[in-house]
Amino acid sequence: MRAARFHARRDVRIDDVPKPEDLAPDEVLVRNRFCGICGTDLHEYVDGPIFISPTPNVFSGASVPQILGHEFSGEIEAVGREVRHLHPGDRVAIQPHMGPLDGYFGSRGLHFLAPGGAATGLTWPWGGFAEYAVMKAYATVKMPDGLSFEQGAMVEPAAVAVTACDRSGLEPGGTILVTGGGPIGVLAVMAAHAAGAGKIFLSEPNAARRHRVESLGLPVITIDPTRSDLKTLVQQETFEGLGCDAAIECAGNPRAINDCIAAVRPRGTVVLIGLTNAKAEISPFDLIVRDIRLQGSLCYPTTLWPRIYAMIESGRLPVTILIDEVVPLGDLIEKGFEPLVDPAGTKLKILVDVTA
Ligand SMILES: [Zn+2]
């Protein structure tokens with residue numbers, strides 16, 4: 001079968017690898033359909049290996065060359081002998097995190113926090129940018145009939161955004177700022193809208209990105225943080241000029257982190273999901289005297305999929321409006337990775353049709 005494998009930085013190849021055959025009793029074989037290209041894939045491509053392990057992962061044994069892709073949907077082709085809840089022909093979306101189920105975190109649906117876990121497309125021998133993948137059955141979630149395979153490929157990034165929104169404490173009618181208009185930022189806007197936000201602000205310095213977001217028809221006030229005073233603007237638009245109730249930082253930018261802290265009202269919450277290694281200078285004094293909660297948010301509970309399915313199916317999370325293009329697996333690098341790492345690029349989301 002064909003599979004896109006990471007060999008080294010800037011060296012991702014479409015290789016011919018043996019189709020997986022042997023399933024453990026608790027595993028399933030998925031015939032993959034669509035897989036989304038994520039910022040994580042791009043970071044691995046440009047600066048990797050980051051999450052990808054050069055030495056065998058303790059749980060899964062995976063190492064370089066690593067099949068990429070963790071945002072995907074597909075159809076069950078075969079199931080291990082202990083699998084009861086899935087059957088050949090079932091349409092599924094992948095929850096990428098696997099690991100021991102008996103530890104503190106594994107037993108709580110928080111595998112990504114457990115030492116010795118693995119994620120498909122990064123630290124598991126299989127991934128979404130391939131014709132087939134072997135998955136643990138518990139990480140393979142049957143989709144409702146009303147969901148398309150394209151929508152299924154958007155569930156994982158949507159889960160990141162919905163979790164951040166949950167953790168922001170946003171209530172119906174509340175106000176929220178999102179910084180960074182990439183795919184996760186736009187999904188955070190959608191999640192806030194679905195959660196009943198009264199007013200949503202989105203800060204994005206790239207004009208082309210801003211216009212792309214404005215064209216999506218979401219109820220959002222876009223702001224160029226390089227041209228206007230973000231804090232003043234948000235305060236002018238919120239009750240008694242106090243600032244917004246919550247903020248979700250999706251840019252991975254120290255300046256944006258401080259924009260979020262400045263824009264929330266006293267006792268507001270700032271959730272960080274934009275990954276960065278950069279150091280941010282923040283004022284503990286300001287956090288304390290304004291009683292601000294600063295919250296990191298990684299992934300999602302691995303049990304979240306049914307909720308995301310319901311939000312997409314009801315139309316409250318119109319995830320496919322983000323998709324700019326669908327490309328065949330053979331064009332992953334030229335038409336997928338390269339346009340997305342181009343700083344002048346305006347594309348939000350590219351899906352790969354691995355059957356094309
Ligand atoms: Zn991702």
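Two strands count as paired when DSSP finds at least two bridges between them. Keep that in mind as you look through these close-ups of a predicted model.

**View 1. Strands S14 and S15 run side by side in the parallel sense.** Strand S14 covers residues 244-249 and strand S15 covers residues 264-272, and five bridges link the two. One place to look is Cys 244, which sits opposite Val 264 in S15. Following the chain, S14, helix H7 (residues 254-263) and S15 together make a right-handed β-α-β unit.

**View 2. Six strands build an open sheet with parallel pairing.** Reading across the sheet, the order is S13-S12-S11-S14-S15-S16. Strand S13 (221-223) and strand S16 (293-296) stand at the edges with a single partner strand each, so one side of each has no neighbour in the sheet. On average, neighbouring strands here are turned by 20° against each other, direction ignored. As a reminder, strands of a sheet pair through backbone hydrogen bonds, either parallel or antiparallel.

**View 3. At one edge of the sheet, S15 meets S16.** These two strands pair in the parallel sense over four bridges. To find one of the contacts, start at Val 271, whose bridge partner in S16 is Gln 295.

**View 4. Helix H3 lies across several strands.** This helix spans residues 155-168, and the strands it crosses are S11 (175-179), S14, S15 and S16. Relative to S15, helix H3 runs at about 155°.

**View 5. A zinc ion is held by three residues, Cys 38, His 70 and Glu 71.** The coordinating atoms are SG of Cys 38, NE2 of His 70 and OE of Glu 71, at 2.1 to 2.6 Å. Along the chain, the donors follow the spacing C-x31-H-E. Cys 38 belongs to the loop between strand S3 (27-36) and helix H1 (39-47), while Glu 71 is in strand S5 (residues 71-79), so this pair ties together parts that are 33 residues apart in sequence. Are Cys 38 and Glu 71 buried or exposed? Both of them are buried.

**View 6. Helix H1 has buried residues covered by several elements.** Which residues of H1 are buried? They are Thr 40, Asp 41, Leu 42, Glu 44 and Tyr 45. Among the elements that cover them are strand S1 (2-8), strand S2 (11-16), S3 and helix H10 (332-341).

Key
Residues numbered from 1 in each chain as written. Predicted model: local features only at pLDDT ≥ 70, side-chain atom pairs only at ≥ 80, totals over all residues. Heavy atoms only, no water. Axes fitted to C-alpha atoms, helices over the stretch in contact; angles between N-to-C directions. Contact = heavy atoms within 4.5 Å. Donors = N, O, S within 2.8 Å, 3.2 Å for Na, K, Ca; no water. Buried < 20%, exposed > 50% of the residue type's maximum accessible area, 1.4 Å probe, protein only. Right-handed = clockwise from strand over helix to strand, strands pointing away.
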